[in-house]
Amino acid sequence: MQRRPRSWLTGIRWGVLDLSGPYRAAFDTALPHAKQVADPFHMVRLGNDALDDVRRRVQNRTLGHRDRKEDPLYRARKLLVSASENITDSGRVRLRGLLDAGDPYGEVRDAWHR
């Protein structure tokens, strides 16, 4: 990128990139005037990671452990990170039931709805 003419570089106003530190640092060095925008894949991944952290924290607090196959929140994990339009009506019923059983204060449900 440094071999490009300065006029070409100054014409770049936006850059879509992932959120890793090295990419951001290189972007800041090469194009300090341009705005950085995270790509959709990485934004969804960040949201899913945060939701999974809440799920594990709640499960650990309520049951004293996490990620055992018989636990309601563990059984709900795949539905929680599925795109809403891909969840069937029976999947929604199952998810509600699992959240009712394993999420007594609605923390996972709140994180899922955000």
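**Figure 1. Salt bridges in the predicted model.** Nine salt bridges turn up in a search of the whole structure, which is a predicted model. Side chains of opposite charge can pair when their charged atoms come close. Six residues, Asp52, Asp53, Arg55, Arg56, Arg66 and Asp67, are linked in a network of such bridges. Views of individual pairs follow.

**Figure 2. The salt bridge between Asp52 and Arg56 in helix α3.** Both residues belong to helix α3, which covers residues 40-63. They are four residues apart, about one turn of the helix. Their closest N and O atoms are 2.5 Å apart. Asp52 has a relative accessibility of 23% and so counts as partly exposed. Arg56 is also partly exposed, because its relative accessible area is 23%. Both residues are members of the network that includes Asp53 and Arg66.

**Figure 3. The salt bridge between Arg55 and Asp67.** The side chains of Arg55 and Asp67 meet with an N to O distance of 3.0 Å. This pair links distant parts of the chain, with Arg55 in helix α3 and Asp67 in the loop between α3 and α4 (72-75). Twelve residues separate the two in sequence. Arg55 is buried, because its relative accessible area is 2%, under the 20% limit. Asp67, at 28% relative accessibility, is therefore classed as partly exposed. Arg55 and Asp67 also belong to the network of salt bridges that contains Asp52 and Arg56.

**Figure 4. The salt bridge between Arg109 and Asp100.** An N to O distance of 2.7 Å is found where the side chains of Arg109 and Asp100 meet. Asp100 has 57% relative accessibility and so counts as exposed, the limit being over 50%. Arg109 is partly exposed, because its relative accessibility is 23%.

**Figure 5. The largest nonpolar core and the surroundings of Val108.** In soluble globular proteins, nonpolar side chains tend to be buried together. The largest nonpolar core of the model has twelve residues, including Leu51, Val54, Val58, Leu73, Leu80, Leu99 and Val108. Helices α3, α5 (77-80) and α6 (89-102) each supply at least two residues of this core. A second, separate core has seven residues, among them Leu9, Ile12, Phe27 and Ala34. With residues up to four places away in sequence left out, Val108 touches Leu51, Val54, Arg55, Val58, Leu73, Leu80, Leu99 and Asp103. One of these contacts, Arg55, is the buried partner in the salt bridge with Asp67.

**Figure 6. Strands β1 and β2 with the crossover between them.** Strand β1 (residues 14-17) pairs with strand β2 (residues 35-38) in the parallel sense, over four bridges. Val16 of β1 stands opposite Val37 in β2. From β1 the chain passes through helix α2 (residues 21-30) to reach β2, and this β-α-β crossover is right-handed. In a regular strand the side chains alternate between the two faces of the sheet. In β1, Gly15 and Leu17 form the covered face, while Trp14 and Val16 form the uncovered one.

**Figure 7. Arg57 in helix α3.** Arg57 is placed in helix α3. Its relative accessible area is 43%, so Arg57 is partly exposed. Ala76 lies 19 residues away along the chain, and the C-alpha atoms of Arg57 and Ala76 are separated by 14 Å. Ala76 is one of the residues in the largest nonpolar core.

Methods: Residues numbered from 1 in each chain as written. Predicted model: local features only at pLDDT ≥ 70, side-chain atom pairs only at ≥ 80, totals over all residues. Heavy atoms only, no water. Buried < 20%, exposed > 50% of the residue type's maximum accessible area, 1.4 Å probe, protein only. Pairing = 2+ DSSP bridges. Right-handed = clockwise from strand over helix to strand, strands pointing away. Salt bridge = Lys/Arg side-chain N within 4 Å of Asp/Glu carboxyl O. Core = buried A, V, L, I, M, F, W, Y, C linked by side-chain atoms within 4.5 Å. Contact = heavy atoms within 4.5 Å.
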